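Please examine the sequence and the model below with attention to aromatic side chains, surface exposure and charge. The paragraphs that follow take these topics in turn.

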Amino acid sequence: MNLPENYIPILIQAGVGLGFVIISLLGAHFLGPQQKKGNSVKNQSWECGVAVEGNARTPFSIKYFLTAVLFVLFDIEIVFFYPYAVNFREFGMQGFLAVLTFVAIFFVAFFYVWKRGALDWDK
C-alpha cells in the first residue's frame, strides 16, 4: 500500500484512538464488578435511597424530546460564532454580513418554533 506521507499521522492518531476505545471497553468488562443474576434486593434500582415508583418504560411527552432537539439546534449555533469571534477583523464587512445572515436565519427559525407553540409547556 502506497500512502502519501500526509496520511501517516492521521492513521496513527486513528489507531491510537481506536486502541484506546477497545482497551477501555475490554478493561471495563473484565476488571469491572461482576453482577450476579437474580432478583435480589441488592440488584434493584434505587434513586437517592428512594424505592422506584412505576415502570421505567413510561412514555414521555413529545415536548421533552422537542425541547431537547431545539436546545441542541440553538446551542450548536453558538459554536459557529467562535471562528467569527476569533477572526472578525480579517473577515471585514463581508464576514459581518455573512454572520448577520446566519443570525437572521436562526431568528426566523426561532420565531417559527415559537409561533408553532413548541415552547409552550401548558398545551
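Trp-114 has a relative accessible area of 44% and is therefore partly exposed, in a model that is predicted rather than experimentally determined. Phe-110 is likewise classed as partly exposed, at 32% relative accessibility. These two residues lie four positions apart in helix H4, so about one helical turn separates them.

Both residues belong to a single aromatic cluster, made up of Phe-74, Phe-80, Phe-81, Phe-102, Phe-106, Phe-107, Phe-110, Phe-111 and Trp-114. How many aromatic pairs does the ring-centre criterion give? The count is 10. One of them joins Phe-81 and Phe-102, whose ring centres are 5.8 Å apart and whose planes meet at 80 degrees; because planes over 60 degrees apart count as edge-to-face, the pair receives that label. Phe-81 is located in helix H3 (residues 81–86) and Phe-102 in helix H4 (residues 88–115), so the pair ties together parts separated by 21 residues in sequence. Phe-81 is partly exposed, with 24% relative accessibility, and Phe-102 is partly exposed as well, with 25%. Since the limit for a buried residue is under 20% relative accessible area, Phe-81 at 24% does not qualify as buried, nor does Phe-102 at 25%.

The pair formed by Phe-110 and Trp-114 has another geometry: the ring centres lie 6.0 Å apart and the planes are inclined at 40 degrees, so this pair is tilted. An angle of 40 degrees falls between the limits of under 30 for stacked and over 60 for edge-to-face.

Two members of the cluster also lead to a charged residue. Glu-77, located in helix H2 (residues 62–79), touches Phe-102 and Phe-106, when residues up to four places away in sequence are not counted. Is Glu-77 buried or exposed? Glu-77 is buried and yet has no salt bridge. The nearest side chain of opposite charge is that of Lys-115, at 19 Å, whereas a salt bridge requires a side-chain nitrogen within 4 Å of a carboxyl oxygen.

A further feature concerns nonpolar side chains at the surface. Leu-18, Ile-22, Leu-26, Phe-30 and Leu-31 form a nonpolar patch there, with a combined accessible area of about 580 Å². Ile-22, one of the patch residues, is found in helix H1 (residues 7–31). Ile-22 is partly exposed, at 43% relative accessible area, and patch residues need over 30%, so Ile-22 meets that requirement.

Key
Residues are numbered from 1 along each chain as its sequence is written. This is a predicted model: local features need pLDDT of at least 70, side-chain atom pairs count only at pLDDT 80 or more; totals for chains, interfaces and linings use all residues. Side-chain values use heavy atoms; hydrogens and water are left out. Buried means under 20% relative accessible area, exposed over 50%, partly exposed in between (1.4 Å probe, protein chains only). Lys and Arg count as positive and Asp and Glu as negative; His and the chain ends are not counted. Contact means heavy atoms within 4.5 Å. Patches are made of residues with over 30% relative accessible area and no salt bridge: like charges are joined within 9 Å, nonpolar side chains (Val, Leu, Ile, Met, Phe, Trp, Tyr) within 5 Å. Accessible areas come from the Shrake-Rupley method with a 1.4 Å probe; for residues, only the protein chains shown count as cover. Rings of Phe, Tyr and Trp (its six-membered ring) pair if their centres lie within 6.5 Å; planes under 30 degrees apart count as stacked, over 60 as edge-to-face and the rest as tilted.
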